[in-house]
Amino acid sequence: QISWRLLLVLGYLFYLLLGAMVFQLLEKQAETHFRDQFQMEKLKFLQNYTCLDRQALEKFVQILMEAWEKGVNPKGNSTNPSNWDFSNSFFFAGTVVTTIGYGNLSPSTVAGQICVFYALFGVPLNLAFLNQLGKGLNAHLLTLERWVQKPGRAQVVQTLAVAIFLTTGTLLFLVFPPLVFSYVEGWSYGEGFYFTFITLSTIGFGDYVVGTNPNKHYIPVYRSLTAIWIVFGLAWLALVFNVGADLMEKFLQLKRHKSDLSLAEGATTKLEDEPEQPRIHIPS
């Protein structure tokens, strides 16, 4: 057991190190390119507008960054809809209790920052809700098994039910939503799928967020409907992750069981192969 646990820990650390190396190779060069390009654009801007100096430009860039951190899109204007209307606030509340935390919008007032207490009770409540929702989905799968009278068909129906569950969930939560987001937001399908998975897995990078383009006019309930989709998608994807974790755990247990059997068989064989010790007869 200790060896398998150690192997799991080492495998987990190796996976993290491998990811770090891969992301560094993929992203560092692009980051350097964009950084150099940004510096060139600033130099061109200063050359075209000689009335500005570098210090004034850096101050303006800082103002833009502060505006972005407070949830104000620098490309917008005063006529853009508020980031804190009811629909957007409902969406923000959903990202808090689900621990997605995009980071593109955060409360700037002291009273609003007390939302940590809102999350303190909201996160366990969300976990309990998702747990009950997951149990309900599992109950429907078990109901399909009870329909079968012959034992020989139970495994077939169970496999079919799991396949239907995975296929339907994949279509509803991973395949069709990117089409909607691509149409509404103007993203490519790959960008829509990227946002979908990053959201439902609660990674929430925040580089893609729905309803934030100041040049588009969204329906008022757009982000609220997205929040509802997120909740049900979280429950489905959590079940999928749990199934994957259970399969991995069973695989490790099977390997460990086979290893124990091999050790037991080796010990038995060793005892059988040992020559019988000569017996010393002591005459009476």
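# Helices, pairs and burial in a predicted model

Me: By about how many helical turns are Arg-35 and Glu-31 of helix H1 separated?

Reply: Arg-35 and Glu-31 both belong to helix H1, which covers residues 2–48, where helices (H or I, at least four residues) and strands (E, at least two) are DSSP runs numbered from the N terminus. An α-helix has 3.6 residues a turn, so residues three or four places apart point the same way. Because Arg-35 and Glu-31 are four residues apart, their separation is about one helical turn.

Me: At what pLDDT do side-chain atom pairs count in this predicted model?

Reply: Residues are numbered from 1 along each chain as its sequence is written, and side-chain values use heavy atoms, with hydrogens and water left out. The model is predicted, and while totals for chains, interfaces and linings use all residues and local features need pLDDT of at least 70, side-chain atom pairs count only at pLDDT 80 or more.

Me: How far apart are the closest N and O atoms of Arg-35 and Glu-31?

Reply: Side chains of opposite charge can pair when their charged atoms come close, and a salt bridge is counted when a side-chain nitrogen of Lys or Arg is within 4 Å of a carboxyl oxygen of Asp or Glu. Arg-35 is partly exposed at 49% relative accessible area and Glu-31 is partly exposed at 43%, on a scale where buried means under 20%, exposed over 50%, and partly exposed in between (1.4 Å probe, protein chains only). The two residues form a salt bridge whose closest N and O atoms are separated by 3.2 Å.

Me: Which helices are tied together by the salt bridge between Lys-42 and Glu-58?

Reply: The structure has a count of two salt bridges, and in the one between Lys-42 and Glu-58 the N to O distance is 2.6 Å. Lys-42 is buried, with a relative accessible area of 9%, whereas Glu-58 is partly exposed at 31%. Since Lys-42 lies in one helix and Glu-58 in another, covering residues 54–69, the pair ties together parts 16 residues apart in sequence, namely helices H1 and H2.

Me: What is the angle between the planes of Phe-181 and Phe-195?

Reply: Rings of Phe, Tyr and Trp (its six-membered ring) pair if their centres lie within 6.5 Å, with planes under 30 degrees apart counted as stacked, over 60 as edge-to-face and the rest as tilted; the whole structure holds twelve such pairs. Phe-181 and Phe-195 make an edge-to-face pair, 5.2 Å centre to centre, with an angle between the planes of 90 degrees.

Me: How many residues apart in sequence are the parts that the pair of Phe-181 and Phe-195 ties together?

Reply: Phe-181 is buried with a relative accessible area of 4%, and Phe-195 is buried with 1%. Both rings also belong to one aromatic cluster, whose members include Tyr-194 and Trp-229. Because Phe-181 lies in helix H6 and Phe-195 in helix H7, the parts that this pair ties together are separated in sequence by 14 residues.

Me: How far apart are the end C-alpha atoms of helix H7?

Reply: The expected span of a helix is 1.5 Å times one less than its number of residues. For the twelve residues of H7 (residues 189–200) this should give 16 Å, and the model agrees, because the end C-alpha atoms are separated by 16 Å.

Me: Which residue of H7 does Ser-182 touch that is also among the buried residues of H7?

Reply: Ser-182 lies in helix H6, residues 151–185, and is buried at a relative accessible area of 15%. Not counting residues up to four places away in sequence, Ser-182 touches Trp-187, Ser-188, Tyr-189 and Gly-192, a contact being heavy atoms within 4.5 Å. The buried residues of H7 include Phe-195 and Leu-200 and also, from that contact list, Gly-192.

Me: What distance separates the C-alpha atoms of Gly-134 and Trp-236?

Reply: Gly-134 lies in helix H5, residues 115–146, and is buried at 6% relative accessibility. Although Gly-134 and Trp-236 are 102 residues apart along the chain, their C-alpha atoms are separated by 7.2 Å.

Me: What percentage of the 284 residues of the protein count as buried?

Reply: The protein has eight helices and zero strands. Of contacts between residues at least 6 apart in sequence, 59% join residues at least 24 apart. Among the 284 residues, the portion that counts as buried is 22%.
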